[in-house]
Amino acid sequence: MTTPRIRLDRTQISVVVTCSACPHWAAFAWDDLDGWRVGRDHEANVHPGNRQAATAYAKAAERAGITPAPAIPAARLNPRQ
Ligand SMILES: [Zn+2]
């Protein structure tokens, strides 16, 4: 199995976040920073140990001059589980 990759599909006004290992999953974001944050949360909860989106989010936050938001646990992302 290949390593899951988080991908940002950008349009002029938004970003769709996808994961190469999870064709059933996608997320919406307004910009790259938010897209990498959402991807980081997916990665942390579904593919623990992978750091591609976490690294990209940390770099995007640094470029934006903000403190990275803490990861959201899966229990809060999927409250019915
Ligand atoms: Zn995935």
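This passage describes the strands and helices of a predicted protein model and how they are arranged against one another.

The model has an average pLDDT of 92, and 90% of the residues score at least 70. Confidence varies between the elements of the protein: the highest mean pLDDT, 98, belongs to strand E2, which spans residues 15-19, whereas the lowest, 68, is that of helix H3, spanning residues 74-77.

Three strands form an open sheet, in which they follow the order E1-E2-E3 with antiparallel pairing. Strand E1 (6-10) and strand E3 (26-29) are the edge strands, each of them pairing on one side only. With direction ignored, neighbouring strands of this sheet are turned against each other by 25° on average.

The pairing of E1 with E2 is antiparallel and runs over five bridges, and these two strands form a hairpin with four residues between them. Within this pair, Arg-10 is found opposite Val-15 in E2. On the other side, E2 pairs with E3, again in the antiparallel sense, over four bridges, and the hairpin that joins E2 to E3 passes through six residues. Here Val-15 has Ala-29 in E3 as its bridge partner, while Val-16 stands opposite Phe-28 in E3. Helix H1 packs on the sheet, where it touches E1, E2 and E3, and the direction of H1 makes about 25° with that of E2.

The arrangement of the helices can be considered next. Two packed helices are described by the angle between their axes and by the distance between the axes. For helix H1 (residues 32-46) and helix H2 (residues 52-64), the axes come within 8 Å and cross at roughly 150°. Because angles over 145 degrees count as roughly antiparallel, H1 is roughly antiparallel to H2. The crossing in which H1 passes H2 is left-handed.

On the H1 side, this contact is made by Asp-32, Leu-33, Trp-36, Arg-37, Gly-39, Arg-40, Glu-43 and Ala-44; these residues meet Gln-52, Ala-53, Ala-54, Ala-56, Tyr-57, Ala-60, Ala-61 and Ala-64 in H2. By residue type, the contact of H1 with H2 comprises ten nonpolar, two polar and four charged residues. Helix H1 thus takes part in both arrangements described here, packing on the sheet and meeting residues of H2.

Terms used: Residues are numbered from 1 along each chain as its sequence is written. This is a predicted model: local features need pLDDT of at least 70, side-chain atom pairs count only at pLDDT 80 or more; totals for chains, interfaces and linings use all residues. pLDDT is the predictor's confidence in each residue, from 0 to 100. Axes are lines fitted to C-alpha atoms, for helices over the stretch in contact, and angles run from 0 to 180 degrees between N-to-C directions. Angles under 35 degrees count as roughly parallel, over 145 as roughly antiparallel, 65 to 115 as roughly perpendicular and the rest as oblique. A crossing is left-handed if the near helix is turned anticlockwise from the far one by less than a right angle, and right-handed if clockwise. Two residues are in contact if their C-beta atoms, placed from the backbone, lie within 7 Å. Ala, Val, Leu, Ile, Met, Phe, Trp, Tyr, Cys and Pro count as nonpolar, Asp, Glu, Lys and Arg as charged, and the others, Gly among them, as polar. Two strands pair if DSSP finds at least two bridges between them.
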